[in-house]
Structures are given as structure tokens and as C-alpha cells.
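This report looks at how helices pack against one another and at the nonpolar cores between them. Please view the sequence and the structure together before reading on.

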Amino acid sequence: MFYIKFLNQNLVIKNVEVQMKKQLAAELLGTFTIVFAGTGAIAINAITSEPGHAGIAITFGFVIVAMIYSFAHISGAHFNPAVTIAFWIMGEFQRGKILPYIAAQICGAILASYSLFFLLFENIVTMDKVAYLGATLPSGSVLQSFGFELILTFILMIVISASAVHGKAIKSFSGIAIGFTVGLEAMFAGPITGASMNPARSIAPALVSGHFEHLWIYIIAPIIGAALATIVYIKLIKS
């Protein structure tokens with residue numbers, strides 16, 4: 001009996017490990033694709049003047065919709081350290097998975113930025129010619145960009161919580177709601193702040209292009225915004 005119990009425990013542990021590997025792979029691939037397409041659109045726009053600001057915003061929105069429907073059933077489709085932390089605060093995510101998820105997201109984003117660097121290398125005279133590979137840099141004051149990033153992420157996390165977590169939500173449409181929210185926010189706020197809402201999306205191009213100016217805004221503000229949204233969701237919306 002002890003031997004059988006031991007085998008069953010080993011089987012459970014192996015299944016958990018396999019599942020975790022699949023989740024981390026999904027987070028890495030999803031974040032890679034989002035950063036590759038979204039910041040790629042920014043860099044290519046700097047070279048060719050296409051697809052334009054609206055095209056960049058639409059690219060971010062569309063790729064997020066695609067990745068959510070591709071990987072939500074595997075990893076939950078976070079693709080964003082701020083979202084991962086918010087889900088933990090909400091009680092919807094295990095604490096032990098936080099660091100592995102964030103590591104996978106940042107690795108995926110960095111791989112995307114390095115891929116763009118090598119693919120666009122012939123166009124790089126100076127990094128500004130490729131928009132610093134899509135790095136998020138404030139066009140105004142630090143306070144202005146911090147406020148925008150906090151509020152934009154707050155709105156995004158409210159939409160994520162209400163459409164993908166709430167018990168009465170029509171979850172089959174959550175990917176569209178989330179992707180459209182990102183596209184909309186990028187459309188109107190992108191020229192001011194870059195509309196990152198995602199620390200991994202900002203860390204990667206900053207690292208590869210070597211431009212870390214004001215990076216802390218795009219790490220701290222989204223985390224605070226997502227955390228505040230989680231509190232509001234729990235206190236006022238969740239039922």
C-alpha cells in the first residue's frame with residue numbers, strides 16, 4: 001500500500017511539473033508574440049511611416065486578442081507581470097507561481113526585442129531610427145506619464161477582472177473585451193506615454209536598445225494600477 005501511495009504521489013508531482021512547464025511556455029510564447037508584433041509595429045513605423053499610430057494601436061489590440069484565445073486555457077493568458085501580481089492579490093493565483101510566470105513573461109519579451117534588433121539591424125543607424133525598438137518613453141512630464149500608466153492599467157485590470165474572472169461574466173468574449181481595451185487605450189494615450197500597461201513590454205526594448213530613461217514609471221505605475229483595480233473589483237464588483 002505504501003509503495004502504491006508513493007507511486008501515486010510521484011505521478012501527481014510529475015503531472016504538476018508538466019502542467020507548469022506548459023503554462024510557462026504559454027506565457028513566454030504569448031508575451032514574445034505580443035512584444036514582437038506590437039513593438040515591431042512601432043519600430044517599422046519609424047522606418048517606413050507605416051502602419052501609423054492607429055495601425056500600431058490596432059496591432060497591439062489584435063495580437064492580444066489572438067494570444068488570449070490561443071493560451072488562456074493553458075496559462076490564464078497573463079502575459080503581464082502586473083496582471084500576474086493582481087491575480088495573486090485577488091486570490092485567483094498561487095503565490096509560488098508568481099516569480100516563474102514573471103520570469104517567463106520577461107524572457108519572452110526580451111527574446112522578441114532581440115529578434116527585432118537582429119531583423120532590423122540593417123536599418124539601425126542609431127536607435128532612434130527604429131524608435132528604440134518600441135521602448136516606452138514619456139513625451140511629457142514624469143508625473144503625467146505615471147498618472148496615465150496607472151489609470152490605463154487600472155482600467156485594463158477592471159476589464160480583465162469583470163470579463164474574465166467574474167462568475168457571471170460571458171467569458172467567451174473576454175479576449176475581445178481585453179484586446180479592444182488595450183487597442184483603445186493605446187490609440188488615445190500612446191502619443192503621451194507609450195501606453196505600456198505592462199512592465200515586461202517596457203523592460204525588454206529598454207534593455208536591448210540601452211535606453212532605461214524613466215523605465216521605473218512603466219514598472220511601478222502598472223503594478224499599482226492593477227493592484228488598485230483588484231481592490232476595487234473585490235470591494236465593489238465581485239459577487
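The helices α3 and α6 are oblique to each other, because their axes cross at roughly 60 degrees and angles count as oblique when they are not under 35 degrees (roughly parallel), over 145 (roughly antiparallel) or 65 to 115 (roughly perpendicular). This is a predicted model in which local features need pLDDT of at least 70 and side-chain atom pairs count only at pLDDT 80 or more, while totals for chains, interfaces and linings use all residues. Residues are numbered from 1 along each chain as its sequence is written, and side-chain values use heavy atoms, with hydrogens and water left out.

Helices here are DSSP runs of H or I with at least four residues, numbered from the N terminus; axes are lines fitted to C-alpha atoms over the stretch in contact, with angles from 0 to 180 degrees between N-to-C directions. A second pair, α4 with α8 (residues 199–209), is likewise described in the table.

| Helix pair | Axis separation | Angle |
|---|---|---|
| α3 and α6 | within 11 Å | roughly 60 degrees |
| α4 and α8 | 8 Å | about 40 degrees |

α3 passes α6 in a right-handed crossing, meaning that the near helix is turned clockwise from the far one by less than a right angle. In contact terms (heavy atoms within 4.5 Å), V83, A86, F87 and M90 of α3 meet M157, I160, S161 and V165 of α6, and by class this contact has 7 nonpolar, 1 polar and no charged residues. Here Ala, Val, Leu, Ile, Met, Phe, Trp, Tyr, Cys and Pro count as nonpolar, Asp, Glu, Lys and Arg as charged, and the others, Gly among them, as polar.

The helices α4 and α8 are also oblique to each other, and their crossing is right-handed. Residues of α4 in this contact include I106, I110 and F117, and those of α8 include I203, L207 and V208; the contact has 11 nonpolar, 2 polar and no charged residues. Also in α8, S202 is buried, with a relative accessible area of 1%, where buried means under 20%, exposed over 50% and partly exposed in between (1.4 Å probe, protein chains only).

The largest nonpolar core, a set of buried Ala, Val, Leu, Ile, Met, Phe, Trp, Tyr and Cys residues joined through side-chain atoms within 4.5 Å, has 40 residues, and F87, M157 and I160 are among those with the most contacts inside it. Its largest share, 8 residues, comes from α2. A second, separate core of 9 residues includes A43, F117, L120 and V208.

Conventions
Helix = DSSP H or I, 4+ residues; strand = E, 2+ residues; numbered from the N terminus.
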